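Colleague: Before I plan around this chain, I would like to go through it with you piece by piece. Could you start with a residue in the interior and work outwards from there?

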Amino acid sequence: MEFFDGIVKDNQGNEYLQYNGRSRAILMRIPFTYQVPVISNLAVGATSAPAQVLIDSGSDFLWQCGVYEFDLAAAAYTYNTRPMPNMTLVINDSAAGRNLQNAAVPVGAIFGPVEKPIARPLPYLFGAAATVTFTATNFDAAVATGNLRLSLLGQQIYYK
C-alpha cells in the first residue's frame with residue numbers, strides 16, 4: 001500500500017486509517033516488530049541473497065521505525081567499540097510492486113542502532129500478505145564477516 005495519510009478519530013472515538021484517498025475503520029492496533037533474516041558474511045562488493053519478511057495475511061503493517069544490530073563474526077563489543085555496517089540496502093514492497101528508494105542507500109539512512117531507532121518521516125503501510133525484500137551490498141573493503149540484523153518496528157492494524 002502507499003500514500004499513508006494518517007490515523008484519525010471521529011467524534012465517538014472510532015479510529016480510521018486514511019490512505020490513497022480512502023478511509024478504513026480500525027478494529028485494533030497492536031505494537032509489533034518484524035525481524036528480517038540475518039544478512040551475513042558478504043565479500044567486499046558482494047550483494048546478499050534477498051532476505052524476505054512476509055507480512056501477516058490478516059493485518060496491514062504500519063512501519064514506523066527501523067533498528068539495526070551489527071557484529072563482526074559474532075565477536076563481543078562494547079558501546080564504544082560497536083562496528084558500523086558499511087552496507088547499502090534496497091527494500092522492495094511486493095504489494096506496491098516497487099522499491100522504497102531510487103537507489104541502494106546506506107543502512108544508517110534507514111535504520112538506527114538498537115538504542116536509537118530511526119523514525120520514518122512518514123510511516124509506510126505494507127499491505128496484508130505483502131512480501132518485503134531486503135537486498136544488501138557490502139562496500140567495506142576490509143570486512144566480510146559481519147552479521148546484520150534489521151528490525152521493523154510499528155503496528156499491526158486490524159480492520160472492522
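Modeller: Let us begin with Phe-126, which counts as buried because its relative accessibility is 0%. Please keep in mind throughout that this is a predicted model.

Colleague: Which residue forms an edge-to-face aromatic pair with Phe-126?

Modeller: The two ring centres of that pair lie 4.9 Å apart, and the planes stand at 65° to each other. Since planes over 60 degrees apart count as edge-to-face, the angle settles the class. Both members of the pair are buried, and the partner of Phe-126 is Tyr-124.

Colleague: How many aromatic pairs are there by this rule, and which one is stacked, with 20° between the planes?

Modeller: The count comes to 5 aromatic pairs. In the stacked one the centres are 6.0 Å apart and the planes differ by 20°, which falls under the limit of 30 degrees and therefore counts as stacked. That pair is Trp-63 with Phe-126.

Colleague: How many residues apart in sequence are the parts that Trp-63 and Phe-126 tie together?

Modeller: Trp-63 belongs to strand E6, which covers residues 60-72, while Phe-126 belongs to strand E11, which covers residues 118-126, so the pair connects parts of the chain 63 residues apart. Trp-63 is buried, with a relative accessible area of 0%. The separation you asked for is 63 residues.

Colleague: Which residues form one aromatic cluster with Trp-63, and which residue lies over the face of Trp-63?

Modeller: The cluster joins Trp-63 with Phe-111, Tyr-124 and Phe-126. A charged residue lies over the face of Trp-63 at 4.2 Å from the ring centre, and that residue is Arg-120.

Colleague: Over the ring of which residue does the charged end of Arg-24 sit?

Modeller: The charged end of Arg-24 is 3.7 Å from the centre of the ring in question. A distance within 6 Å is part of what the assignment requires, and the ring is that of Tyr-159.

Colleague: Turning to salt bridges, how many does a search of the whole structure find, and which residue meets Glu-15 in one of them?

Modeller: The search finds 3 salt bridges. In the one with Glu-15, the N to O distance is 2.8 Å, and the other side chain is that of Arg-29. This pair links distant parts of the chain, with Glu-15 in strand E2 (residues 15-19) and Arg-29 in strand E3 (residues 22-35), 14 residues apart. Glu-15 is buried at a relative accessible area of 19%, whereas the value of 33% makes its partner partly exposed, and that partner is Arg-29.

Colleague: Which residue forms a salt bridge with Arg-149, and is that residue buried or exposed?

Modeller: The closest N and O atoms are 2.7 Å apart, and the partner of Arg-149 is Asp-71. The pair links distant parts of the chain, because Arg-149 is in strand E13 (residues 146-159) and Asp-71 is in strand E6, 78 residues apart. Arg-149 counts as partly exposed at 30% relative accessibility, whereas Asp-71, at a relative accessible area of 9%, is buried.

Colleague: Which residue forms a salt bridge with Arg-82?

Modeller: Here the closest N and O atoms are 3.0 Å apart, and the residue paired with Arg-82 is Glu-115. Arg-82 is in the loop between E6 and E7, and its partner is in the loop between strand E10 (112-113) and E11, 33 residues apart. At 40% relative accessibility, the residue that counts as partly exposed is Glu-115.

Colleague: How many residues of strand E12 are buried, and which residue is the bridge partner of Ile-91 in E12?

Modeller: Strand E12 spans residues 131-138 and is mostly covered, with 6 of its 8 residues buried. It pairs in the antiparallel sense with strand E5 (residues 51-54) over 4 bridges, where Val-53 has Val-132 as its bridge partner. E12 also pairs in the antiparallel sense with strand E7 (residues 87-93) over 7 bridges, and there the bridge partner of Ile-91 is Phe-134.

Colleague: Finally, how many helices and strands are in the chain, and what share of its residues count as buried?

Modeller: The chain has 0 helices and 13 strands. Of the contacts between residues at least 6 apart in sequence, 72% join residues at least 24 apart. Of the 160 residues of the chain, the share that count as buried is 39%.

Definitions and conventions:
Residues are numbered from 1 along each chain as its sequence is written. This is a predicted model: local features need pLDDT of at least 70, side-chain atom pairs count only at pLDDT 80 or more; totals for chains, interfaces and linings use all residues. Side-chain values use heavy atoms; hydrogens and water are left out. Buried means under 20% relative accessible area, exposed over 50%, partly exposed in between (1.4 Å probe, protein chains only). Helices (H or I, at least four residues) and strands (E, at least two) are DSSP runs, numbered from the N terminus. Two strands pair if DSSP finds at least two bridges between them. Rings of Phe, Tyr and Trp (its six-membered ring) pair if their centres lie within 6.5 Å; planes under 30 degrees apart count as stacked, over 60 as edge-to-face and the rest as tilted. A charge sits over a ring if NZ of Lys or CZ of Arg is within 6 Å of the ring centre and within 35 degrees of the ring normal. Contact means heavy atoms within 4.5 Å. A salt bridge is a side-chain nitrogen of Lys or Arg within 4 Å of a carboxyl oxygen of Asp or Glu.
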